[in-house]
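Fire up your viewer and work through these exercises on packing and charge pairing. Each one comes with a worked solution.

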Amino acid sequence: QIIDAFTKEIVKGKRLPVLRADGGESIGLVQMDKDATCLFITLDSGRKKHPLESIGQITIGEEVPEGYACPWADEYCVTLAIEETGEALSLRFEDIEGRDTFALCTGMFVDHRRQALEWDGEEEDGWWDEDGEGEQVEEEEYYEEED
(Lines give C-alpha, C1' and ligand atoms only; values in the text may rest on other atoms or scores of the structure.)
Protein backbone atom coordinates (compact mmCIF):
# COMPACT_ATOMS: atom_id res chain seq x y z
CA GLN A 1 0.00 0.00 0.00
CA ILE A 2 2.88 2.37 0.79
CA ILE A 3 4.49 1.57 -2.57
CA ASP A 4 1.21 2.12 -4.44
CA ALA A 5 0.64 5.49 -2.75
CA PHE A 6 4.26 6.52 -3.43
CA THR A 7 4.00 5.48 -7.08
CA LYS A 8 0.81 7.46 -7.67
CA GLU A 9 2.30 10.53 -6.01
CA ILE A 10 5.66 10.43 -7.77
CA VAL A 11 4.16 9.80 -11.22
CA LYS A 12 1.96 12.90 -10.77
CA GLY A 13 4.95 14.79 -9.42
CA LYS A 14 6.01 16.02 -6.02
CA ARG A 15 7.30 19.53 -5.35
CA LEU A 16 10.41 19.39 -3.19
CA PRO A 17 13.34 21.62 -2.31
CA VAL A 18 16.36 20.58 -4.39
CA LEU A 19 19.65 21.61 -2.81
CA ARG A 20 22.10 23.34 -5.11
CA ALA A 21 25.88 23.06 -5.15
CA ASP A 22 26.16 26.58 -3.68
CA GLY A 23 24.15 25.51 -0.63
CA GLY A 24 20.95 27.25 -1.71
CA GLU A 25 17.78 25.50 -2.69
CA SER A 26 15.21 25.67 -5.46
CA ILE A 27 11.75 24.16 -5.47
CA GLY A 28 11.64 21.44 -8.09
CA LEU A 29 9.09 19.02 -9.45
CA VAL A 30 10.26 15.43 -8.93
CA GLN A 31 8.53 12.85 -11.14
CA MET A 32 8.97 9.27 -12.27
CA ASP A 33 7.59 7.88 -15.49
CA LYS A 34 4.76 5.37 -15.09
CA ASP A 35 7.03 2.52 -16.23
CA ALA A 36 9.50 3.36 -13.43
CA THR A 37 12.49 3.74 -15.73
CA CYS A 38 13.42 7.41 -15.26
CA LEU A 39 13.36 10.10 -12.61
CA PHE A 40 12.70 13.64 -13.85
CA ILE A 41 13.68 16.78 -11.97
CA THR A 42 12.19 20.04 -13.24
CA LEU A 43 13.71 23.30 -12.01
CA ASP A 44 13.60 26.85 -13.35
CA SER A 45 16.61 25.95 -15.48
CA GLY A 46 14.74 23.11 -17.23
CA ARG A 47 13.91 19.45 -16.92
CA LYS A 48 16.54 16.75 -16.43
CA LYS A 49 15.99 13.09 -17.11
CA HIS A 50 17.86 10.60 -14.93
CA PRO A 51 17.52 6.94 -15.95
CA LEU A 52 17.02 4.93 -12.75
CA GLU A 53 19.92 2.63 -13.58
CA SER A 54 22.22 5.70 -13.49
CA ILE A 55 21.50 6.22 -9.78
CA GLY A 56 24.53 4.67 -8.12
CA GLN A 57 23.85 5.36 -4.45
CA ILE A 58 20.97 6.62 -2.36
CA THR A 59 21.72 8.00 1.09
CA ILE A 60 19.58 9.56 3.76
CA GLY A 61 20.19 12.33 6.23
CA GLU A 62 23.64 13.83 6.62
CA GLU A 63 25.27 10.71 5.20
CA VAL A 64 26.27 11.39 1.60
CA PRO A 65 27.32 9.07 -1.22
CA GLU A 66 30.96 8.07 -1.14
CA GLY A 67 33.09 10.40 -3.24
CA TYR A 68 30.56 13.23 -3.29
CA ALA A 69 30.59 16.47 -1.32
CA CYS A 70 27.17 17.49 -0.01
CA PRO A 71 27.83 19.47 3.19
CA TRP A 72 24.36 21.02 3.03
CA ALA A 73 22.48 17.72 3.40
CA ASP A 74 20.58 17.47 6.70
CA GLU A 75 18.44 14.87 8.45
CA TYR A 76 15.49 15.53 6.09
CA CYS A 77 17.46 14.89 2.89
CA VAL A 78 17.80 12.05 0.44
CA THR A 79 20.89 12.31 -1.73
CA LEU A 80 21.12 10.52 -5.06
CA ALA A 81 24.50 9.89 -6.70
CA ILE A 82 23.97 10.12 -10.45
CA GLU A 83 26.77 8.04 -11.98
CA GLU A 84 26.00 9.16 -15.52
CA THR A 85 26.78 12.81 -14.75
CA GLY A 86 28.95 12.50 -11.64
CA GLU A 87 26.62 14.79 -9.69
CA ALA A 88 24.87 14.39 -6.38
CA LEU A 89 21.27 15.48 -6.10
CA SER A 90 19.88 16.23 -2.63
CA LEU A 91 16.14 16.49 -2.05
CA ARG A 92 14.74 17.83 1.22
CA PHE A 93 11.54 16.37 2.65
CA GLU A 94 9.10 17.78 5.19
CA ASP A 95 9.46 14.84 7.54
CA ILE A 96 11.48 11.70 8.20
CA GLU A 97 8.67 9.40 7.04
CA GLY A 98 8.51 11.08 3.63
CA ARG A 99 12.29 10.93 3.34
CA ASP A 100 12.44 7.25 4.23
CA THR A 101 9.55 6.31 1.94
CA PHE A 102 11.18 8.08 -1.00
CA ALA A 103 14.57 6.46 -0.34
CA LEU A 104 13.12 2.96 0.13
CA CYS A 105 10.77 3.03 -2.86
CA THR A 106 13.23 4.71 -5.20
CA GLY A 107 15.88 2.18 -4.19
CA MET A 108 13.47 -0.66 -4.97
CA PHE A 109 12.66 0.84 -8.38
CA VAL A 110 16.38 1.33 -9.14
CA ASP A 111 17.10 -2.32 -8.26
CA HIS A 112 14.11 -3.52 -10.29
CA ARG A 113 15.21 -1.48 -13.30
CA ARG A 114 18.74 -2.88 -13.18
CA GLN A 115 17.39 -6.43 -12.91
CA ALA A 116 15.05 -5.82 -15.85
CA LEU A 117 17.95 -4.57 -17.96
CA GLU A 118 20.07 -7.59 -16.99
CA TRP A 119 17.20 -9.94 -17.79
CA ASP A 120 16.69 -8.27 -21.18
CA GLY A 121 20.34 -8.93 -21.94
CA GLU A 122 20.03 -12.60 -20.96
CA GLU A 123 16.95 -13.07 -23.13
CA GLU A 124 18.85 -11.82 -26.14
CA ASP A 125 21.49 -14.50 -25.54
CA GLY A 126 18.93 -17.33 -25.28
CA TRP A 127 17.89 -19.77 -22.58
CA TRP A 128 20.57 -21.53 -20.56
CA ASP A 129 20.53 -24.82 -18.75
CA GLU A 130 20.08 -24.92 -14.99
CA ASP A 131 23.51 -26.31 -14.16
CA GLY A 132 25.17 -23.19 -15.51
CA GLU A 133 27.39 -25.08 -17.93
CA GLY A 134 26.36 -22.71 -20.68
CA GLU A 135 24.64 -25.16 -23.00
CA GLN A 136 22.07 -23.17 -24.88
CA VAL A 137 18.61 -24.74 -25.07
CA GLU A 138 15.47 -23.62 -26.80
CA GLU A 139 12.55 -22.32 -24.74
CA GLU A 140 10.36 -25.32 -25.62
CA GLU A 141 13.08 -27.77 -24.53
CA TYR A 142 13.50 -25.91 -21.24
CA TYR A 143 9.82 -26.28 -20.34
CA GLU A 144 9.64 -29.90 -21.52
CA GLU A 145 12.40 -30.85 -19.09
CA GLU A 146 10.43 -29.42 -16.15
CA ASP A 147 7.33 -31.57 -16.85
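**Exercise 1: the core**

Within the largest nonpolar core, a set of 22 residues, Val30, Leu39, Leu80, Leu91 and Phe102 touch the most other members. Work out which helices and strands each supply at least two residues of this core.

Solution. Keep in mind that this is a predicted model.
- Step one: the suppliers are α1 (2-12), β1 (14-19), β2 (25-32), β3 (38-43), β6 (77-82), β7 (87-92) and α2.
- Step two: α2 gives the most, with 5 residues.
- Step three: don't mix in the second, separate core of 5 residues, which includes Leu19, Trp72, Ala73 and Cys77.

**Exercise 2: a salt bridge across the sequence**

Find what Arg92 pairs with, and which parts the pair ties together.

Solution.
- Step one: the side chain of Arg92 meets that of Glu25 in a salt bridge, 2.4 Å from N to O.
- Step two: Arg92 sits in strand β7 and Glu25 in strand β2, so the pair ties together parts that are 67 residues apart in sequence.
- Step three: Glu25 is partly exposed, because its relative accessibility is 37%.
- Step four: follow the charges onward and you get a salt-bridge network linking Glu25, Asp74 and Arg92.

**Exercise 3: grease on the outside**

Is Leu104 buried or exposed?

Solution.
- Step one: locate Leu104 in helix α2 (residues 96-125).
- Step two: its relative accessibility is 53%, and the cut-off for exposed is over 50%, so Leu104 counts as exposed.
- Step three: look around it; Ile3, Leu104 and Met108 form a nonpolar surface patch, together showing about 260 Å² of accessible area.

Notes:
Residues are numbered from 1 along each chain as its sequence is written. This is a predicted model: local features need pLDDT of at least 70, side-chain atom pairs count only at pLDDT 80 or more; totals for chains, interfaces and linings use all residues. Side-chain values use heavy atoms; hydrogens and water are left out. Patches are made of residues with over 30% relative accessible area and no salt bridge: like charges are joined within 9 Å, nonpolar side chains (Val, Leu, Ile, Met, Phe, Trp, Tyr) within 5 Å. Accessible areas come from the Shrake-Rupley method with a 1.4 Å probe; for residues, only the protein chains shown count as cover. A salt bridge is a side-chain nitrogen of Lys or Arg within 4 Å of a carboxyl oxygen of Asp or Glu. Helices (H or I, at least four residues) and strands (E, at least two) are DSSP runs, numbered from the N terminus. Buried means under 20% relative accessible area, exposed over 50%, partly exposed in between (1.4 Å probe, protein chains only). A nonpolar core is a set of buried Ala, Val, Leu, Ile, Met, Phe, Trp, Tyr and Cys residues joined through side-chain atoms within 4.5 Å.
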